[in-house]
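Open the model in your viewer and keep the sequence at hand. The stops below go from strands to a cavity and then to a disulfide.

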Amino acid sequence: MTFPPKKIILQRLFQLGVVVVLFTTDLPQKVMGSVQRALLATGLWKPTTSLPPARPGEPTAYSYHTALTTLTGKPANLHDFKGKVVFLNLWASWCPPCRGEMPDIQRLYEQVDTARVAFVMLSLDRDLARARQVVKEEGYTFPVFFPAGPLPDELESQAIPTTFILTPGGQIASRTDGMALYDTPEFRAYLHQLAQPPAELTRR
């Protein structure tokens, strides 16, 4: 019986190792996310986004009563954040652009006044343990939730990541489809403007 040369055996073992890494770790998502984040930083890739001016005199009825579950399994509801601006991000652990923008979102979270701006990082993972593992491994401290029921039609998206900014009254102020950079002076100022009471906006 003739055995293949040692070099061929090593090549096949290497190829097998690559396959194992690709299918059992999140390395591909991390690499692709880093590449996409670098493209964003160069300005060559721009997301579809809109940042209309903040408007005073919002309706008093909160738009969304959406059941959620926290990262630790406690019940929550989008309505709990009435009175705050809400940064609502739809993501999943298997989505490279989602993973790519998350470090920037973490920096934004650390910079804004969370007494006036709430973060709802809404994982669409079916494997909840995988989402929890990603958050733990990356050291993210922003609040992560899971849907505990269907999302309202207005908050559905055909692709992720998708980010909604909700006003304190629960209206959709802006929507960004795709990966974006959020930790910028302009975006922080936008959130601050939205968080101001309507009376302050009217006096401007």
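Select residues 117-123, 128-138 and 144-147 in this predicted model. These are strand β4, helix α4 and strand β5, and together they make a right-handed β-α-β unit.

Stay with the two strands of that unit. β4 and β5 run parallel and are joined by two bridges. Pick L122 and look across to β5: the residue opposite is F145.

Next, add strand β1, residues 67-70. Does β1 run parallel or antiparallel to β5? The two run antiparallel, with three bridges between them. Select T70, and its bridge partner in β5 turns out to be F145. F145 therefore links this stop to the previous one: L122 stands opposite F145, and T70 is bridged to F145.

Now turn to empty space. The structure holds one cavity of 30 Å³ or more, and the space in the largest cavity comes to about 30 Å³. To see what surrounds it, select T66, L68, L78, L88, V120, L122, L151 and L155, which line the largest cavity. L122, already met opposite F145, is one of these lining residues. By type, the lining has seven nonpolar residues, one polar and no charged.

For the last stop, select C95 and C98. How far apart are their sulfur atoms? They lie 2.4 Å apart, and the two cysteines form a disulfide. The structure holds one disulfide. Look along the S-S bond: the link of C95 and C98 is right-handed, with 80° about that bond. Both C95 and C98 are buried.

Note on methods:
Residues numbered from 1 in each chain as written. Predicted model: local features only at pLDDT ≥ 70, side-chain atom pairs only at ≥ 80, totals over all residues. Heavy atoms only, no water. Helix = DSSP H or I, 4+ residues; strand = E, 2+ residues; numbered from the N terminus. Right-handed = clockwise from strand over helix to strand, strands pointing away. 1 Å grid on protein atoms, 1.4 Å probe; cavity = no way out; pocket = protein on both sides within 12 Å on 5 of 7 lines; lining within 4 Å. Points joined across faces, edges and corners; volume = space filled by probe spheres on them. Nonpolar A, V, L, I, M, F, W, Y, C, P; charged D, E, K, R; others polar. Disulfide = S-S within 2.5 Å. Buried < 20%, exposed > 50% of the residue type's maximum accessible area, 1.4 Å probe, protein only.
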